[in-house]
Amino acid sequence: MIFVTGAAGFIGFHLCRRLLQDGHSVVGYDSINDYYDTRVKYARLGLLGIDRSMAEKWKIQTSGNLIGDFTFVRGELEDYTLLDELFRQHSFSAVVNLAAQAGVRYSLINPQAYIKSNIVGFSNILEVCRHYKVGHLAYASSSSVYGLNEKMPLSTKDNVDHPVSLYAATKKSNELMAHTYSHLFGLPTTGLRFFTVYGPWGRPDMALFLFTEAILKGEPIKVFNHGKMVRDFTYVDDIVEGIVRVVAAPPKGDPEWSGVTPEPGISRAPFKIYNIGNNDPVKLMEFVEAIEKKLGKQADRIMMDLQPGDVPATYADVTDLMADLGYKPSTPLKEGIDKFVDWYREFYEIKVER
Ligand SMILES: NC(=O)c1ccc[n+]([C@@H]2O[C@H](COP(=O)([O-])OP(=O)(O)OC[C@H]3O[C@@H](n4cnc5c(N)ncnc54)[C@H](O)[C@@H]3O)[C@@H](O)[C@H]2O)c1
């Protein structure tokens, strides 16, 4: 049985669906916070067989009609008592922690939300994993930990001590906290640095959603850093494939690891960090053009400066993912954008103009 936090979220929903299709039993956990439109979260849960009126309550609900069993629990990572009760009731072979306060820009507005969910909440996850001897904890980190690093592609072998947002700092902190639990208690942990994830059911605060929404409404889009941005956009199914492979392969620790020349990203303890990114960076203006093409409509662009907290470029080195798990994301941007726009139109019932 697998415990997935952030199950009503973008990546968590896709992961739960995949795990259930593969026949796993899953307990999904999420506070369904209102950081963005909760209708999207309830609709995702609906596809997992969870009824909105039930999900709204702070109680446990089990769905009946999926291949694997899905149980949803509405709760906060900060609620240690509830987590402890769940871990006492179930025996989880693996935990995937995706619940977090996400978003770089919002961390300048509401830093406390990041401390609560990403630091206090994550420490609770580590504690329950430790006390109930979970076989593997995989957790979401982020490409934002690379901060001021400019050496491309961004590698887990490089040091990441210069974050440029509190969001990034909390994700880097998660990696450090996880290492101590791997070292002290032998808890196998794997941190996953996701690179700009996009696809159907995507987050309303992210560029693809915002651009699509604005273009369809005939409103201008904000193009940051005057378009001079490069992103390694990664399709959500590729992220999920990576998580599924990672979950099945808990790290063992490398006895050869040396404290004299300490390599980041691995350890003598069962600790590992992977990048999961497309390894094919795209210029922001090409991204905008691909959306315009699919929508058949030009965007009115407002050129803006680089936003505080943002980084101008991301590009994932996925050597380790390929070497250890025989895998690398591969969905072409056009294909992913087309699938997102088709979903967006269907979800918001927007007819294609002819
Ligand atoms: N989407 C991306 O491009 C991206 C990139 C890098 C890292 N990540 C990380 O991946 C993870 C999943 O991201 P996502 O895009 O699916 O985000 P999301 O916001 O859609 O999902 C996160 C879910 O966690 C829940 N949540 C937040 N705080 C909680 C708390 N304290 N207790 C319980 N539930 C809580 C939210 O209600 C939400 O449904 C996050 O950790 C995020 O930081 C995402």
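## Cysteines, charges and a nonpolar patch

A search of the whole structure, which is a predicted model, finds zero disulfides. Two cysteines show why. The sulfur of C16 has its closest cysteine sulfur in C129, at 16 Å, which is too far for a bond. Seen from the other side, the closest cysteine sulfur to that of C129 is the one in C16, and the 16 Å between them again rules out a bond. A disulfide would need the two sulfur atoms within 2.5 Å. Both side chains can also be placed by their accessibility: C16 counts as buried because its relative accessibility is 0%, and C129 is buried with a relative accessible area of 1%.

Charged pairs come next. The structure holds 20 salt bridges, and three of them are followed here.

One of them joins D22 to R18, with the closest N and O atoms 3.0 Å apart. D22 counts as partly exposed because its relative accessibility is 42%. R18 also counts as partly exposed, at 22% relative accessibility, where the limit for buried is under 20%.

Another salt bridge is formed by the side chains of E127 and R130, at 3.1 Å from N to O. Both residues belong to helix α5 and are three residues apart, about one turn of the helix. R130 has a relative accessible area of 29%, so this residue is partly exposed.

The side chains of D324 and K272 meet in a salt bridge at 3.7 Å, N to O. This pair links distant parts of the chain, since D324 is in helix α10 (residues 319–325) and K272 is in strand β12 (residues 271–276), 52 residues apart. The two ends differ in their cover: D324 counts as partly exposed at 45% relative accessibility, whereas K272 is buried with a relative accessible area of 9%. The pair is also part of something wider, as salt bridges that share partners join K157, E263, K272, D320 and D324 into one network.

D238 is a charged residue without such a partner. This aspartate lies in helix α8 (residues 236–247). D238 is buried yet has no salt bridge, and the nearest side chain of opposite charge, K339, is 8.6 Å away. A salt bridge requires nitrogen and oxygen within 4 Å, so K339 does not qualify as a partner for D238. Leaving aside residues up to four places away in sequence, D238 touches I276, N278, Y327, P329, S330 and T331.

Two isoleucines give a view of nonpolar side chains in separate settings. I221 is placed in strand β9 (residues 221–223). Its relative accessible area is 2%, so I221 is buried. The C-alpha atoms of I221 and F211 are separated by 5.9 Å, with the two residues 10 apart along the chain. F211 is also one of the residues that I221 touches; the others, not counting residues up to four places away in sequence, are A214, I215, V288, A299, D300, R301 and I302.

I115, by contrast, is found in helix α5 (residues 111–131) and counts as partly exposed because its relative accessibility is 39%. Together with V120 and L166, I115 makes a nonpolar surface patch of about 200 Å². Helix α5 is also the element that holds the salt-bridged residues E127 and R130.

Note on methods: Residues are numbered from 1 along each chain as its sequence is written. This is a predicted model: local features need pLDDT of at least 70, side-chain atom pairs count only at pLDDT 80 or more; totals for chains, interfaces and linings use all residues. Side-chain values use heavy atoms; hydrogens and water are left out. Helices (H or I, at least four residues) and strands (E, at least two) are DSSP runs, numbered from the N terminus. Buried means under 20% relative accessible area, exposed over 50%, partly exposed in between (1.4 Å probe, protein chains only). Lys and Arg count as positive and Asp and Glu as negative; His and the chain ends are not counted. Contact means heavy atoms within 4.5 Å. Patches are made of residues with over 30% relative accessible area and no salt bridge: like charges are joined within 9 Å, nonpolar side chains (Val, Leu, Ile, Met, Phe, Trp, Tyr) within 5 Å. Accessible areas come from the Shrake-Rupley method with a 1.4 Å probe; for residues, only the protein chains shown count as cover.
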